[in-house]
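This report describes a single protein structure, element by element. The sequence and coordinates come first.

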Amino acid sequence: AHKEKIFGGQVKDYMEMLAEEDPTKYEAHFSKYIAGDLDGEKLEEMYTEAHEKIREDPEHQLAEKKGVTHTRGEPGQITSSDGTEHARNKKITLEQRRAKVAAKIAAAQAKLLEADEAEEDE
């Protein structure tokens, strides 16, 4: 049972089932496998090769760092040295959250009061 899981038996079964039942979903889910010319039959072979390579050199090789730095600009905006920009929400305190909710409730109540007054005037 363990050997089947280690060598991707459940993935093989799922691949075969999807290929039969829903070919478009199969192509979407396993596009990288298809591009690499891997099908359910070749999965065990792929995992066997991977295990052999690990046994040959079990030392973990750290990947080179890319040297990307991040700088914070205006609130909530982070710019990376590789040109990408990210939006991050800043955490707010409990009091700030409660004040925000109270303001939303007050705005909703004011809107309802205006709607009621408009109905009464008609």
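The notes below cover the sheet, its central strand, the nonpolar core and one helix residue of this predicted model.

## Sheet layout

The sheet is open and consists of three strands in the order β1-β2-β3, with antiparallel pairing. Its edge strands are β1 (70-72) and β3 (85-87), each of which pairs on one side only. On average, neighbouring strands of this sheet are turned by 25° against each other, direction ignored.

## Pairing and hairpins

β1 and β2 are paired in the antiparallel sense over three bridges. One of the bridge partners is T79 in β2, which lies opposite T71. These two strands form a hairpin with four residues between them, and in the turn G76 has a positive phi of about 90°.

On the other side, strand β2 (residues 77-80) pairs with β3, again antiparallel and over three bridges. Q77 has A87 of β3 as its bridge partner, and T79 has E85 of β3. T79 thus appears in bridges to both T71 and E85. β2 and β3 also form a hairpin with four residues between them; here the turn residue G83 has a positive phi of about 95°.

## The two faces of β2

Side chains alternate along β2: I78 and S80 point to one face and are buried, while Q77 and T79 point to the other face and are not buried.

Where does S80 stand in terms of accessibility, buried or exposed? S80 counts as buried because its relative accessibility is 5%, below the 20% cut-off. S80 is found in strand β2. Leaving aside neighbours within four places in sequence, S80 is in contact with V68, T69, H70 and H86.

## Nonpolar core

Which residues make up the largest nonpolar core? It has five: M15, L18, Y26, F30 and L43. In soluble globular proteins, nonpolar side chains tend to be buried together.

Y26, a member of this core, is in contact with M15, L18, A19 and I34 when neighbours within four places in sequence are left aside. Of these contacts, M15 and L18 also belong to the core.

## M17 in helix α2

M17 is located in helix α2 (residues 9-21). M17 counts as partly exposed because its relative accessibility is 31%, which falls between the 20% and 50% cut-offs.

M17 and H70 are 53 residues apart along the chain, and their C-alpha atoms are separated by 45 Å. H70 is also one of the residues in contact with S80.

Definitions and conventions:
Residues numbered from 1 in each chain as written. Predicted model: local features only at pLDDT ≥ 70, side-chain atom pairs only at ≥ 80, totals over all residues. Heavy atoms only, no water. Pairing = 2+ DSSP bridges. Axes fitted to C-alpha atoms, helices over the stretch in contact; angles between N-to-C directions. Buried < 20%, exposed > 50% of the residue type's maximum accessible area, 1.4 Å probe, protein only. Core = buried A, V, L, I, M, F, W, Y, C linked by side-chain atoms within 4.5 Å. Contact = heavy atoms within 4.5 Å.
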